[in-house]
Amino acid sequence: MKIIKISTELEMTIHDFPEGTMREQNKVLCELIGNGCDIVEHVMPKRLYTMLKMSPTPTRTPGECVSMLIDEEGRLKPNRANLIGSYLYEYDKHGCPILGNILFIGEKMGNSGVDFCGISEENFDRLKKGLVNMFPVIKVTEVKA
């Protein structure tokens, strides 16, 4: 299953959800976010659900629910604002931007709670199309960190 990365330069790349233990997966996810990310922060930005129509509720079906990962310490590092992440997080309403690269991942209910996973194929295609359609509008937006 796939995940989506959006850089601060508005470049979209597609990656496979990492294999291995939770620790091994988290290491790869941190490396994908980059800029010395050590701890990911799980974010459920409102517009991901209202505007892009992703599901905010994990189920036993892997990747049916979609969320966003960012660098937990991104505000402490020399990161630029992520215009897509900031918009989905409603920066324009509260003034707190998302800084650094972001990942869109899937979620599923596991035996011990919610687990991260790749995004289901149906949601992946819909999310990718929605994000691509946002790029022309977002590129003219200014976010002050």
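For my tally of pocket linings, I count Ala, Val, Leu, Ile, Met, Phe, Trp, Tyr, Cys and Pro as nonpolar, Asp, Glu, Lys and Arg as charged, and the others, Gly among them, as polar. Worth noting up front: this is a predicted model.

**Entry: largest pocket.** With that scheme, I sorted the lining of the largest pocket into nine nonpolar, three polar and four charged residues. I put its volume at about 270 Å³. There are 16 lining residues, and Phe-17, Pro-18, Gln-25, Phe-116 and Cys-117 sit closest to the centre. I also looked up who contributes: helix H1 (22–33) and strand S6 (113–117) each give at least two residues to this lining.

**Entry: second largest pocket.** Here I got about 150 Å³ of space. I found 13 lining residues, with Glu-41, Ile-70, Arg-75, Pro-97 and Ile-98 nearest the centre. Strands S3 (40–43) and S4 (65–71) are the elements that supply two or more of them. My split for this lining is seven nonpolar, one polar and five charged.

**Entry: helix H5.** I checked its length: 18 residues (121–138) at 1.5 Å a residue should span 26 Å, and the end C-alpha atoms are 25 Å apart, which agrees. Which residues of H5 are buried? I listed Asn-123, Phe-124, Leu-127, Gly-130, Leu-131, Met-134, Phe-135 and Ile-138. Looking down the axis, I see these buried residues within an arc of 160°, so they line one face of the helix. On the other side, I found Glu-121, Glu-122, Lys-129, Asn-133 and Pro-136 exposed. As for packing partners, the buried residues of H5 pack against strands S1 (2–6), S2 (12–16), S4 and S5 (102–110), plus helices H2 (46–50) and H3 (83–88).

Key: Residues are numbered from 1 along each chain as its sequence is written. This is a predicted model: local features need pLDDT of at least 70, side-chain atom pairs count only at pLDDT 80 or more; totals for chains, interfaces and linings use all residues. Side-chain values use heavy atoms; hydrogens and water are left out. On a 1 Å grid over the protein atoms alone, a cavity is a set of points where a 1.4 Å probe fits but cannot get out, and a pocket is an open set with protein on both sides within 12 Å along at least five of seven lines; lining residues have an atom within 4 Å of a point. Grid points are joined across faces, edges and corners, and a volume is the space filled by probe spheres set on the points. Helices (H or I, at least four residues) and strands (E, at least two) are DSSP runs, numbered from the N terminus. The expected span of a helix is 1.5 Å times one less than its number of residues. Buried means under 20% relative accessible area, exposed over 50%, partly exposed in between (1.4 Å probe, protein chains only). The arc is that of the directions from the helix axis to the C-beta atoms. Contact means heavy atoms within 4.5 Å.
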